[in-house]
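Morning, everyone. I have one model to walk through today. Let me put it on the screen.

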Amino acid sequence: MINGTLNHGKSNSLMNEYSSLLGEAILRNRTRAAEHSARIEAELASRVKSEFISNMSHELRTPLNTIIGFSKLLSEHNGRPLQNTDIVQYSHLIHDAAGQLLAVINDILDISKIQSGRYTIDHSEVHVDDVLAACVASSKLAADDAQVSLALYVDASLSTVRGDITKLRQIFANLLSNAIKFTKPGGKVKVDANRTNDGGTLVTVEDTGVGMSAEEIEISLTPFGQVDGKRTRWREGTGLGLPIAKSLVELHGGRLEIKSRKEEGTTVAVFLPSRHLVSGTTR
Ligand SMILES: Nc1ncnc2c1ncn2[C@@H]1O[C@H](COP(=O)(O)OP(=O)(O)OP(=O)(O)O)[C@@H](O)[C@H]1O
Ligand SMILES: [Mg+2]
């Protein structure tokens, strides 16, 4: 009996020892996992930051150099006469470069306003099908240049959305520009607009392009984040379009979701409610 109690006490203390060892091992493992994810986040932030500086100076310098170079040639016209056709061509180049510069500056202002919560949007009745038709029409040239086919399918029963027409144009123009930019020649871009069961609108922009992994999707939604953001990256841009588009969709009371597979393609889905709740009231 005494022997039995002794054995019982011994196994109890062994059990205690095992359980505290196990507890310590679990804690150590959790700390290691937390440190690992903090390190990954820090690495991602520093990578995005350094790529941003080099990309941004490229995005600002390229149009500025065009403006400085061609305006100089125009200003020397008296000493070194230019043909009329040259004058027209140089003026167009300067005008386009100034437009590019303005777009970059507007994006930077947009993202900083969004991040500080000072962004407001208009709430009027918008026909999303008209917005999509206009965006698809103005992307046609870029799609032809990239040898990518572009199609639009709109559900006839689509209802209007309460929102900001300029911002909705900005959202879809960026999604289309991305889909075309990241799809190789011979690929396809398809835009679908459907009515959801609750009367809202679902727009999907689907491409057969380079695609993204789960980690790359996260980078793409980070302001200034570009999947191949190094100087060797194969496409232009500042990496602001997608985070701005996501925030603008959310300001409409909707949500933006990305599904993608490497080398297969990407689908960006935008859900927009028919009515948007603003501070407890339906607009
Ligand atoms: N459809 C897509 N297919 C593959 N990669 C994409 C797609 N859309 C976005 N990406 C990736 O996400 C990144 C961020 O996209 P985003 O629109 O924010 O920036 P951008 O197009 O590079 O520049 P911009 O600010 O001019 O829009 C892109 O650089 C690209 O790496
Ligand atoms: Mg873009």
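Which helix is L44 found in? Helix α1, residues 2-75. Before I go on: this is a predicted model.

Stay with L44 for a moment. Is L44 buried or exposed? Its relative accessibility is 16%, and buried means under 20%, so L44 counts as buried. What does it touch? Leaving out residues up to four places away in sequence, L44 touches E218 and I219. Look at E215 too. L44 and E215 sit 171 residues apart in sequence, yet their C-alpha atoms are 10.0 Å apart in space.

Next, helix α2, residues 84-115. Here is a quick check on its length. Take 1.5 Å a residue, and the 32 residues of α2 should span 46 Å. The end C-alpha atoms are 47 Å apart, so the two figures agree. Several residues of α2 are buried, including Y90, I94, A97, L101 and V104. D107 and D110 are buried as well. So are I111 and I114. Just after α2 comes G117, with a positive phi of about 75°.

Now the metal site. Which protein donors does the magnesium ion, ligand 2, have? They are N174 and N178, each through OD1. These donors lie 2.2 to 2.4 Å from the ion. Both asparagines are in helix α4, residues 165-181. They are four residues apart, about one turn of the helix. N174 is buried, and N178 is too.

α4 also packs against another helix. That partner is α6, residues 241-251. The two axes come within 9 Å and cross at roughly 140°. The crossing is left-handed. Who makes the contact? From α4, it is K167, Q170, I171, N174, L175 and N178. From α6, it is G241, L242, I244, A245, L248 and V249. Notice that both magnesium donors, N174 and N178, appear in that α4 list. By class, the contact has seven nonpolar residues, four polar and one charged.

One last residue in α4: I180. Its relative accessible area is 6%, so I180 is buried. What does I180 touch, again leaving out residues up to four places away in sequence? S139, A142, A143, A146, V148, L150 and V189. Take A142 from that set. It is 38 residues from I180 along the chain, and the C-alpha atoms of the two are separated by 7.4 Å.

That's my tour. Questions, please.

Key
Residues numbered from 1 in each chain as written. Chains lettered and ligands numbered in written order. Predicted model: local features only at pLDDT ≥ 70, side-chain atom pairs only at ≥ 80, totals over all residues. Heavy atoms only, no water. Donors = N, O, S within 2.8 Å, 3.2 Å for Na, K, Ca; no water. Helix = DSSP H or I, 4+ residues; strand = E, 2+ residues; numbered from the N terminus. Buried < 20%, exposed > 50% of the residue type's maximum accessible area, 1.4 Å probe, protein only. Axes fitted to C-alpha atoms, helices over the stretch in contact; angles between N-to-C directions. Left-handed = near helix turned anticlockwise from the far one by under 90°. Contact = heavy atoms within 4.5 Å. Nonpolar A, V, L, I, M, F, W, Y, C, P; charged D, E, K, R; others polar. Expected span 1.5 Å × (residues − 1).
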